[in-house]
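Visitor: I would like to go through this model and ask how each label is justified.

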Amino acid sequence: MKKIEFKNVSLKFGDKKVLNDFNLEINEKDKILISGKSGKGKSTLLKILLGFENIDDGKIMIDGKDLEELNMFEIRQIFAYVNQDITFRIGRIKDILKEISKFSGNDFDGEIDSNLMKCFEFDEKLLDKTIYDLSGGERQRLGLIMAIMLNRPVYLLDEITSALDTELKERVAEYFAKTDNTVIAVSHDDVWMKTGNFRKVVL
Amino acid sequence: MDTISHIGIIYLLLLVLPTLAINKYLDISINKQIVVSIIRMLIQLSLVGLYLQYIFDLNNKVLNVCYLLIMMLVATISVANSSKLKIKKIYLPIYLSMAIPNILMVLFFNAIVINLDHVLDARYVITIGGMLLGNVLNGDIIGLTAFYKGIEENRNRVNFDLSLGATRFQAIKPYLKDAITASIKPTVASMATIGLVALPGMMTGQILGGSVPMNAIMYQIAIMVAIYVTRYTNILGAIMFSQNMMFDKKDQLINY
């Protein structure tokens with residue numbers, strides 16, 4: 001996976017223009033921070049890549065190929081997508097992670113690296129609970145740990161630091177700034193820019 | 001067996017009237033449906049009584065199978081309407097999932113279980129097929145309603161799984177499991193209590209018709225197992241044949 005391009009992309013929700021002639025080129029290993037006011041289409045941008053929103057105009061190119069002509073099931077396997085409130089199935093987190101590990105495109109075996117849990121202050125005992133027993137911050141940490149475990153070429157991170165404290169936010173941003181993978185983060189937090197590795201795109 | 005007179009039926013129907021009055025009092029708006037259903041039952045069964053005799057006398061193999069296929073068509077329409085599915089073109093998947101396991105089971109039942117010389121004998125094809133169909137109809141309504149409601153209520157979860165690279169099947173699996181469970185539960189429960197808290201219709205009918213109890217019981221056991229297997233394969237088929245219609249070419253859930 002080398003390159004993602006948004007070429008003159010436009011999208012409307014009803015009468016409201018969300019994206020208007022939007023252009024962006026993302027190369028392999030790029031670190032991109034998407035920011036802007038609410039309703040400007042930040043999250044929508046990620047959903048377009050995942051095939052959950054259809055654009056009205058323009059093109060999305062992945063490695064020079066039109067997204068419309070690619071197999072969405074295969075495309076999704078290059079992304080590790082986490083949103084601000086991960087929508088897990090109902091059940092014990094451990095069991096759900098096992099299920100997720102069976103999805104295609106993973107190195108993940110369902111077992112979470114305990115160092116990673118320590119690094120992001122996620123209590124291992126929580127894996128025996130359901131997602132609904134976790135606080136907002138715990139869910140976000142679980143989401144980002146899972147995304148890392150999936151080890152896909154591109155991280156799509158949608159507001160994954162909103163419920164974390166400042167110190168942890170910085171740690172998360174630092175982690176993704178140093179990764180070898182491409183990162184596209186949607187966030188209001190300025191910790192991402194402080195790492196010095198991110199390119200900011202304002203919508 | 002002593003016959004039931006028309007007046008006997010009328011007496012029984014009179015007992016329905018108080019329930020209609022209570023419904024009205026409690027504002028349960030189901031009276032019209034009850035009346036229509038009872039009238040339909042009276043007409044349908046009276047007609048069945050007339051032409052079953054005719055069909056049994058003819059006992060034409062092709063006609064017997066056609067009769068079963070037509071019953072399935074009516075059942076399909078009933079399932080699609082009762083489960084209030086908004087997906088268009090769902091009739092074909094329901095019909096196929098009903099026809100294939102039912103016909104196979106009737107053939108298996110007649111040929112292997114009760115060892116008939118003529119597996120397409122009207123007296124067996126239509127009665128056994130009809131009994132299976134009645135049960136399958138129920139199972140389909142329960143299962144399909146549970147499945148599509150599950151997907152609708154968990155749209156975000158299905159999409160989340162898809163976004164992580166789940167196949168369609170992996171994404172719908174939790175709701176498929178729930179639907180199969182909901183669909184077969186009543187049959188499983190009735191197998192556990194049969195004979196203790198209820199004497200089933202088929203067995204009672206045979207005993208009233210003069211069969212020895214042990215023979216009636218053997219039939220009942222056979223039909224219960226056949227119902228369970230048919231109901232299971234049926235709901236599985238109905239969901240698997242219809243689930244593709246929930247996704248568009250980009251593998252996202254459509255608004256059905």
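The exchange below takes up a sheet, a contact surface and a helix in turn.

Guide: This is a predicted model, in which local features need pLDDT of at least 70, side-chain atom pairs count only at pLDDT 80 or more, and totals for chains, interfaces and linings use all residues. Residues are numbered from 1 along each chain as its sequence is written, while chains are lettered from A and ligands numbered from 1 in the order in which they are written.

Visitor: How do you know that strand 1 and strand 2 of chain A pair?

Guide: Strands are DSSP runs of E, at least two residues, and helices are runs of H or I, at least four, numbered from the N terminus. Two strands pair if DSSP finds at least two bridges between them. Strand 1 (residues 3–13) and strand 2 of chain A share eight bridges in the antiparallel sense, so the requirement of at least two is met. Within this pair, A:F13 lies opposite A:K16.

Visitor: What makes strand 4 and strand 5 of chain A a pair?

Guide: They run antiparallel and are joined by two bridges, and at least two is what the definition asks for. A:M61 has A:D66 as its bridge partner. The two strands form a hairpin with two residues between them, and A:D63 in the turn has a positive phi of about 50 degrees.

Visitor: Why are strand 2 and strand 5 of chain A said to stand at the edges?

Guide: The open sheet has four strands in the order 2-1-4-5, with antiparallel pairing. Strand 2 (16–27) and strand 5 (65–66) of chain A each have a single partner strand, so one side of each lacks a neighbour in the sheet.

Visitor: How many residues of chain A are in contact with chain B?

Guide: Contact requires C-beta atoms, placed from the backbone, to lie within 7 Å. By that rule, 16 residues of chain A touch 15 residues of chain B. Helix 2 (residues 72–76) gives the largest share of the chain A side, three residues.

Visitor: How does the length of helix 8 of chain B compare with the expected span?

Guide: The expected span is 1.5 Å times one less than the number of residues. Helix 8 (residues 168–193) has 26 residues and reaches 38 Å from first C-alpha to last, close to the 38 Å expected.

Visitor: What makes the kink in helix 8 of chain B?

Guide: The bend is the angle between axes fitted to the seven residues ending at a residue and the seven starting there. Here the kink is about 45 degrees, centred on B:P174.

Key: Two residues are in contact if their C-beta atoms, placed from the backbone, lie within 7 Å.
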